[in-house]
Amino acid sequence: MAHVLVAGGSLGGLMAANLVAQAGHSVTVLERVAGPMLGRGAGIITHPVLERGLRRCGMPEDFALGIPVTTRVTLDSQGRELGTLQMPQILTSWSRLYQVLHGQMATHPGIEYRQGIVVQQVEQDAARVRVQTSAGAFEGDLLIAADGIRSAIRQQLWPRVQAEYAGYVAWRGLTDEAVLSRTTRDAIFERFGFCLPPGEQMLGYPVAGPGNSTRVGERAWNFVWYRAAPAPNKLAELLTDADGFHHPQGIPPNKVSWRAVAAMRSEGRRLLAPAFAEIIEKCGQPFLQPIHDFISTHIAQGRVALLGDAAFVARPHVGMGVTKAMQDAVTLEEVLRKHGPTPEALQAYARARVPAGQEVVQRSRRLGAYMQACGQDGNTAQPRDAMAVMAETAVDPDHLPPLEEQPHERSASVPLV
């Protein structure tokens, strides 16, 4: 039995820990955050490959992963339906996935979960890998870096790989079902909804509510509103809090300026369907996510490998962030079973996952090209084809054609008001 270190205790790290432990190895997870993590994140679109991976991690058969929806709908600014599309999916939340993965980890006596530990430096030789941290040194046979988009380990081993800003942001949030009017609940709550003002894109769907409840009346609605924010001026303005402090690496939800929130809500009333405007208005704490991406060409070096957002970051339009991390973790388990805890296993992992990760990022760039163009000065936003947007956004990766065969969004055939 080998000892595997996992840097990062969020969803990707928990997936890796559970599956590496199932492959027969002991695991130490090193998480930077010291406190509870259940209140983090927002909505997540699931796909069958993610659910299969969660079952592989030990998720009980009777566990309700999220909220099932069958229909997508696009509303215009007056709330009229522009089109509907049948697409059954299960929609969940970060907290609910964390709940099941952390719970499964607790059933493995071979997993140690350490919090409040900051990774500082990685050293390795032919036999071992050593991680220097704020709590001292940890040694293992392998190190899996699941420490996210700002991965300290990727920065050390592949410093030229940097996240690139795409020119737009996503306003995100969760609004409790109980505070919404009946009109809004009837119009959109049970569906995956879209609204497409020129130059922008709003979408949302129901997820588990407070306490991870999926009961009717206790759920929440997750929204994502993509808006242009050219760098450097507009982006810097949004990443500056009410006290004038700039957060260039991303602004914490509780630091987003009340002026920026008020302006966003005002724009929502002007541009969005009334149901979307109400959802934004009644969200307790909207937060802001600058959209970045990056592509890696190498994700393994010796006894160290990258996983999840440490390896590749795709724009959210594909709805693949968590699913991609699960695919990484499943592949990692498979190569460890075949090759053992060796550098050869990590090279096999990289050969499988680099092309797959690159394809996801390229697909997300194609879907985000419209928003990126609108974020550039001087560009005039064109109306969009509502049916094409619904058909291409966050769809099941098992049913996608090869990237070169995927159609580009057609010119607008549905009027926008």
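Let me begin with a term: two strands pair if DSSP finds at least two bridges between them, and the strands themselves (E, at least two residues), like the helices (H or I, at least four residues), are DSSP runs numbered from the N terminus. What we have here is a predicted model, in which local features need pLDDT of at least 70 and side-chain atom pairs count only at pLDDT 80 or more, while totals for chains, interfaces and linings use all residues. Residues are numbered from 1 along each chain as its sequence is written, and side-chain values use heavy atoms, with hydrogens and water left out.

I will start with the sheets. Strands of a sheet pair through backbone hydrogen bonds, either parallel or antiparallel. In the three-stranded sheet, which is open and has the order β7-β8-β9, the pairing is antiparallel. The strands at its edges are β7, residues 119-124, and β9, residues 136-140, each of which pairs on one side only. Neighbouring strands of this sheet are turned by 20° against each other on average, with direction ignored; the axes behind such angles are lines fitted to C-alpha atoms, for helices over the stretch in contact, and the angles run from 0 to 180 degrees between N-to-C directions.

Within that sheet, β7 and β8 are antiparallel and joined by five bridges, and Val119 has Thr133 of β8 as its bridge partner. The connection from β7 to β8 is a hairpin through four residues. On the other side, strand β8, residues 129-133, is joined to β9 by five bridges, again with the two running antiparallel, and here Val131 has Phe138 of β9 as its bridge partner.

The other sheet I want to show is also open, with six strands in the order β6-β2-β1-β10-β17-β16 and with mixed pairing. Its edge strands, each pairing on one side only, are β6 at 111-115 and β16 at 300-301. Strand β2, residues 26-31, runs parallel to β6 and is joined to β6 by five bridges, one pairing being that of Glu31 with Gln115 of β6.

Turning to the helices, which residues of α8 are buried? Taking buried to mean under 20% relative accessible area, exposed over 50% and partly exposed in between, with a 1.4 Å probe and protein chains only, the buried residues are Ala275, Phe276, Ala277, Glu278, Ile279 and Ile280. That is six of the eight residues of α8, which spans 274-281 and is mostly covered.

The axes of α5, residues 182-189, and α8 come within 9 Å and cross at roughly 115°. The two helices are therefore roughly perpendicular to each other, given that 65 to 115 degrees counts as roughly perpendicular, under 35 as roughly parallel, over 145 as roughly antiparallel and the rest as oblique. The contact, meaning heavy atoms within 4.5 Å, is made by Thr184, Ala187 and Ile188 of α5 together with Ala275, Phe276, Glu278 and Ile279 of α8.

A second helix pair is α2, residues 48-57, and α9, residues 321-339, whose axes come within 9 Å and cross at roughly 50°, and α2 and α9 are therefore oblique to each other. Their contact involves Val49, Leu50, Gly53, Leu54, Arg56 and Cys57 of α2, and Val322, Thr323, Met326, Gln327, Val330, Glu333 and Glu334 of α9.

Finally, some backbone details and the loops that hold them. The peptide bond from Ala231 to Pro232 is cis, with omega near 5°, and Pro232 sits in the loop between β14 and α6, the latter covering 233-238. Asn212, although not a glycine, has a positive phi near 60°; Asn212 lies in the loop between β13 and β14 and counts as buried because its relative accessibility is 13%. Is Pro210, by comparison, buried or exposed? Pro210, found in the loop between β13 (201-207) and β14 (220-228), counts as exposed because its relative accessibility is 53%. Leaving aside residues up to four places away in sequence, Pro210 touches Asp176 and Glu218. Another positive phi in a residue other than glycine belongs to Ala394, near 50°, in the segment after α11, residues 386-392, and Ala394 counts as buried because its relative accessibility is 1%.
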